[in-house]
Structures are given as structure tokens and as C-alpha cells.
Amino acid sequence: VLRADIRKLDARIEQMEFLQKHQITSREELLAYRTSLEERVQALTKERKRLYRSEPDSVRIGQINKVLKPLRKDIRLCIRIEQQIQRQEEEQTEKNRKPRTESR
């Protein structure tokens, strides 16, 4: 149980560092950042595909692969942050639905 809690804490720290590094303060900014990453990945993938067909031994293919790896990692992190936000909103909604009971 303790290890699971530590993993969750590590994931939260990673998420917070990512948000601070990219100065993301809202869900809309996160979505915009993720969209820009996805567009860049798509463009690089398209270029790489073209190179595989025309110049399979190109050095550029390796360069593209090195650039794609951290971009994809950032996209996955954005998705995890969005899912965490969604879970928190659902939990908050659930808390608001439950009637409060007073104990005396």
C-alpha cells in the first residue's frame, strides 16, 4: 500500500513539474499544448514515412525518432493529467450529490 502511495505521489510530482515547466495553468492551456504536440508528431511522422519510402537509409529518420520519443511522452503525460482532472471533477460532483448528515 505504501509503495502504491509513493508511486501516486511521484506521478503527481511529475505532473506538477510538467505543468510548471510549460507554464500551464488551465485545462484549456493543457489542451492547446497537447494539440500542438500532436500536430508536431503528425508532421514528423508524415516526414518519416516519406523518408522510409524514398531514402530508407537516411540519417534524418533517426533524428526524427529521437525527437518523437519525448513528444509522445509529453502527450501521454497530458492525457494522464486530463484524466486526473476528470476524476477529481467526478469525485467533487459525487460529494456534492450526497446529502450531508449531521452527527450529534
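Student: How many residues does H1 have, and how far does H1 reach from its first C-alpha to its last?

Tutor: This is a predicted model. In the model, H1 has 20 residues and reaches 28 Å from first C-alpha to last. That is close to the 28 Å expected at 1.5 Å a residue.

Student: What span should H3 have at 1.5 Å a residue, and how far apart are its end C-alpha atoms?

Tutor: The 39 residues of H3 should span 57 Å, and the end C-alpha atoms are 58 Å apart, which agrees.

Student: Before going further, what is the average pLDDT of the protein?

Tutor: The average pLDDT is 92, and 94% of the residues score at least 70. Among the helices, confidence is lowest in helix H3 (residues 59–97), with a mean of 93. Confidence is highest in helix H2 (residues 27–54), at 96.

Student: Back to H1. Which residues of H1 are buried?

Tutor: Gln15, Phe18 and Leu19 are the buried residues of H1. They cover an arc of only 100° around the axis, which puts them on the same side of H1. On the other side of H1, the exposed residues are Leu2, Arg3, Leu9, Gln20 and Lys21.

Student: What do the buried residues of H1 pack against?

Tutor: The buried residues of H1 pack against H2 and H3. From the side of H3, what covers its buried residues includes H1 and H2.

Student: Which residues of H3 are buried?

Tutor: Among them are Ile61, Ile64, Leu68, Leu71, Ile75 and Ile81. The list also includes Asp74, Glu82 and Gln84.

Student: How is a pair of aromatic rings described?

Tutor: Two quantities are used: the distance of the centres and the angle of the planes. A search of the whole structure finds one aromatic pair here. The ring centres of Phe18 and Tyr33 are 5.8 Å apart and their planes stand at 65°, so the pair is edge-to-face. The cut-off behind that label is an angle over 60 degrees.

Student: Where in the chain do Phe18 and Tyr33 lie?

Tutor: Phe18 is in helix H1 (residues 2–21) and Tyr33 is in helix H2. The two are 15 residues apart, and the pair links distant parts of the chain.

Student: Is Phe18 buried or exposed?

Tutor: Phe18 is buried, because its relative accessible area is 6%, and buried means under 20%. Tyr33, at 21% relative accessibility, counts as partly exposed.

Student: Now the charged residues. When can side chains of opposite charge pair?

Tutor: They can pair when their charged atoms come close. In this model, a search of the whole structure finds five salt bridges.

Student: Which side chain does Glu89 meet in a salt bridge?

Tutor: Glu89 meets Arg27, at 3.0 Å from N to O. Glu89 is in helix H3 and Arg27 in helix H2, 62 residues apart, so to speak of this pair is to speak of a link between distant parts of the chain.

Student: How accessible are Glu89 and Arg27?

Tutor: Glu89 is partly exposed, with a relative accessible area of 38%. Arg27 is also partly exposed, at 33%.

Student: With which residue does Arg34 form a salt bridge?

Tutor: Arg34 forms one with Glu82, and the closest N and O atoms are 2.6 Å apart. Arg34 lies in helix H2 and Glu82 in helix H3, so the pair ties together parts that are 48 residues apart in sequence. Both Arg34 and Glu82 are buried. Arg34, Glu38 and Glu82 are linked in a network of salt bridges.

Student: Which residue does Arg60 meet in a salt bridge?

Tutor: The side chain of Arg60 meets that of Glu47, at 2.9 Å from N to O. Arg60 is in helix H3 and Glu47 in helix H2, 13 residues apart. Arg60 is partly exposed, with a relative accessible area of 30%, and Glu47 counts as partly exposed at 24%.

Student: That leaves the parts outside the helices. Where is Pro56?

Tutor: Pro56 is in the loop between H2 and H3. Pro56 is exposed, with a relative accessible area of 53%. Leaving aside neighbours within four places in sequence, Pro56 is in contact with Leu51 and Ile61. The C-alpha atoms of Pro56 and Ile24 are separated by 39 Å, and these residues are 32 apart along the chain.

Student: What phi does Gln23 take?

Tutor: Gln23, just after H1, takes a positive phi of about 50°.

Methods. Residues numbered from 1 in each chain as written. Predicted model: local features only at pLDDT ≥ 70, side-chain atom pairs only at ≥ 80, totals over all residues. Heavy atoms only, no water. pLDDT = per-residue confidence, 0-100. Helix = DSSP H or I, 4+ residues; strand = E, 2+ residues; numbered from the N terminus. Phe/Tyr/Trp six-rings, centres within 6.5 Å; stacked < 30°, edge-to-face > 60°. Buried < 20%, exposed > 50% of the residue type's maximum accessible area, 1.4 Å probe, protein only. Salt bridge = Lys/Arg side-chain N within 4 Å of Asp/Glu carboxyl O. Expected span 1.5 Å × (residues − 1). Arc of directions from axis to C-beta. Contact = heavy atoms within 4.5 Å.
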